[in-house]
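Q: Please take a close look at one part of this model, the open antiparallel sheet, and set it against the rest of the chain. Which strands form the sheet, and in what order?

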Amino acid sequence: MLRAMLTAGAVLAALLTPATARAEETGPDIPRLTDHSGRVLTLHGWNIEDKAHRGEDALTAVTERHLRDLRARGFDFARLLVFWDDLEPAPGRYSRRYLHKIERVLDWAHRHDVKVVIDAHQDVFGPAFGHRGIPEWATRTDGLPFTAHPDDWFAEYFEPAVQRAFTHLYEDEDLRRAQAGMWRTLAARFARHPAVLGYDLINEPMGEPKPGEDLPTAARRIEREQLTPMYDRLTDAVRSADRDAWLFVEPTPVVGEGVPTGLGRVHDPRVVYAPHFYDAAMEAGADYDPGAGWIEAYERAVTAYPKRYRVPVVVGEWGPPDSSLPHMDRFYRDAMASLGRYTSGWAGYVWCYGGGYCALDGTGAFRAHKELTAEPYAQAVAGTVRSAAYDAGTGVYRLVYRAAPHGSRVTELSLPPGAWRITADGGASVVRRTAGRARVTAAPGALVTLTVERG
């Protein structure tokens with residue numbers, strides 16, 4: 001995750017000029033995510049992780065409570081972090097125990113009606129540099145230096161050894177085969193699991209600048225020349241075992257500073273663009289500045305790629321380390337409004353019980369202002385969405401859609417805890433209501449308006 005950016009944040013800010021942040025205006029021409037029935041999906045959820053345990057203890061910090069509480073608070077989506085170093089501790093030797101532990105989490109997700117994207121996560125490449133991700137046996141540095149930065153771990157991405165390791169991962173044929181083999185193994189095991197919506201092929205990929213390149217130029221070249229072909233290779237690997245899952249592709253983290261990506265087209269019909277949504281200043285501990293225009297610049301930049309290549313957007317990580325600062329109420333309201341304009345959904349960072357980035361405190365209550373992420377929404381719409389918006393001031397959610405002429409007639413609503421009143425016109429009717437969820441049906445082709453407000 002792009003966080004704790006002190007020195008690194010200053011580097012990013014210094015290298016990005018206003019010209020790099022220009023992109024086409026946000027518009028309605030971004031496709032929506034759909035399910036196998038053709039229903040339009042909206043995903044609201046959180047990342048779920050265990051970075052502290054590995055080997056025999058991997059994933060022990062993730063329990064059924066995480067999925068149960070997630071669903072009970074009105075969320076239907078989890079981005080589950082998995083680590084290649086745990087999956088394949090030695091070349092060609094895959095851990096059946098680790099696969100079983102992943103499956104156990106997926107089983108909990110299915111039990112609680114939570115969709116999951118499996119994320120091949122890395123931080124600062126992997127264990128060779130004191131983090132998690134790509135195995136040490138797949139790490140090649142050519143003897144270049146590495147200095148740890150305990151107080152600013154994101155700065156370690158700029159160490160020569162780490163940058164060279166990314167170059168070898170992208171360019172060395174045997175490492176390409178190994179990475180593809182890892183994904184074939186995951187896809188073959190989980191292709192038919194009912195909780196699995198898709199796969200995030202690599203978390204926050206970075207790379208190695210060429211001499212004389214500034215950071216935005218290097219990022220766009222890496223995305224164009226190394227990440228795009230890597231995603232095509234990994235797509236082929238996944239499709240050898242799973243023909244249907246959505247494939248999530250990420251740009252470098254530089255996109256968070258309002259730099260449009262250099263990614264090219266990934267050649268598959270079920271690709272999702274999955275950027276992250278972090279501000280360098282806020283990651284370094286600053287409060288949100290509503291007048292700085294960061295959210296607006298990010299939105300303009302991040303929508304350029306999905307408009308060009310006609311792919312849905314799901315933001316894979318977002319949220320500040322300190323949500324208690326004076327302007328964070330405004331931040332969450334502005335961020336949720338922005339995400340609602342162009343994405344098919346998002347996963348906040350991170351669903352845990354404690355301090356820092358955790359969504360909840362030790363008692364299970366939302367930490368400051370994070371309750372603003374819990375709002376009514378239509379998690380699946382059987383038709384074409386005309387408009388959908390939640391007004392945080394009035395507490396009213398309104399959805400207008402044209403019911404599909406054939407196929408599924410069931411639209412599903414997700415509701416946070418509390419009493420909610422649902423009204424429908426256009427011949428729609430609420431056919432089933434349970435805690436936190438409601439199902440609505442409508443006649444084929446009907447123009448439906450649903451209104452959800454606190455009862």
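**The open sheet and its setting**

A: In this predicted model, 4 strands form an open sheet, and their order is 12-13-18-15. The pairing is antiparallel. Strand 12 (383-391) and strand 15 (420-425) are the edge strands; each has a single partner strand, so one side of each is left without a neighbour in the sheet. On average, neighbouring strands of this sheet are turned by 15° against each other, direction ignored.

In general, strands of a sheet pair through backbone hydrogen bonds, in either the parallel or the antiparallel sense. Strand 13 (residues 396-403) pairs with strand 18 (residues 447-454) over 7 bridges, in the antiparallel sense. Within this pair, Arg398 has Thr451 of strand 18 as its bridge partner.

A record covers part of this region. An unreviewed UniProt entry annotates residues 376-440 as "domain: Glycoside hydrolase family 5 C-terminal". Over residues 376-440 the chain is 66% strand and 0% helix. The C-alpha atoms at the two ends of that stretch lie 14 Å apart.

Strand 16 (residues 429-434) contains Arg433. With a relative accessibility of 41%, Arg433 counts as partly exposed, because that value falls between the 20% limit for buried and the 50% limit for exposed. Neighbours within four places in sequence aside, the contacts of Arg433 are Leu415, Trp420, Ile422 and Ala438. From Arg433 to Met336 the C-alpha distance is 26 Å, and the two residues are 97 apart in sequence.

Elsewhere in the chain, a parallel pairing can be set beside the antiparallel one. Strand 2 (residues 43-48) and strand 10 run parallel and are joined by 4 bridges. Trp46 has Gly348 of strand 10 as its bridge partner. In strand 10 (residues 345-348), Gly345 and Ala347 point one way, while Trp346 and Gly348 point the other way. All of these residues are buried.

Trp46 also appears among the contacts of Leu70. Leu70 has its place in helix 2 (residues 64-72). The relative accessibility of Leu70 is 0%, so Leu70 counts as buried. Once neighbours within four places in sequence are left aside, Leu70 is in contact with Trp46, Phe75, Phe77, Ala78, Val114 and Trp351. One of these, Val114, is 44 residues from Leu70 along the chain, and the C-alpha atoms of Leu70 and Val114 are separated by 8.3 Å.

The whole protein gives the setting for these parts. The protein has 11 helices and 18 strands. Its radius of gyration is 21 Å, close to the 23 Å that the globule rule gives for 455 residues, so the protein is as compact as a globular protein of that length. The C-alpha trace spans about 70 × 50 × 45 Å along its principal axes.

Of the 455 residues, 59% count as buried. Among contacts with a separation of 6 or more, 73% are between residues 24 or more positions apart. The accessible surface of the protein is about 17,300 Å², and carbon and sulfur atoms account for 51% of that surface.

To return to the sheet, its order is 12-13-18-15 with antiparallel pairing, and strands 12 and 15 stand at its edges.

Terms used: Residues are numbered from 1 along each chain as its sequence is written. This is a predicted model: local features need pLDDT of at least 70, side-chain atom pairs count only at pLDDT 80 or more; totals for chains, interfaces and linings use all residues. Side-chain values use heavy atoms; hydrogens and water are left out. Two strands pair if DSSP finds at least two bridges between them. Axes are lines fitted to C-alpha atoms, for helices over the stretch in contact, and angles run from 0 to 180 degrees between N-to-C directions. UniProt positions are given in the numbering used here, feature names are shortened, and annotations may be inferred rather than shown by experiment. Buried means under 20% relative accessible area, exposed over 50%, partly exposed in between (1.4 Å probe, protein chains only). Contact means heavy atoms within 4.5 Å. The radius of gyration is taken over C-alpha atoms; the globule rule is 2.2 Å times the number of residues to the power 0.38. Accessible areas come from the Shrake-Rupley method with a 1.4 Å probe; for residues, only the protein chains shown count as cover.
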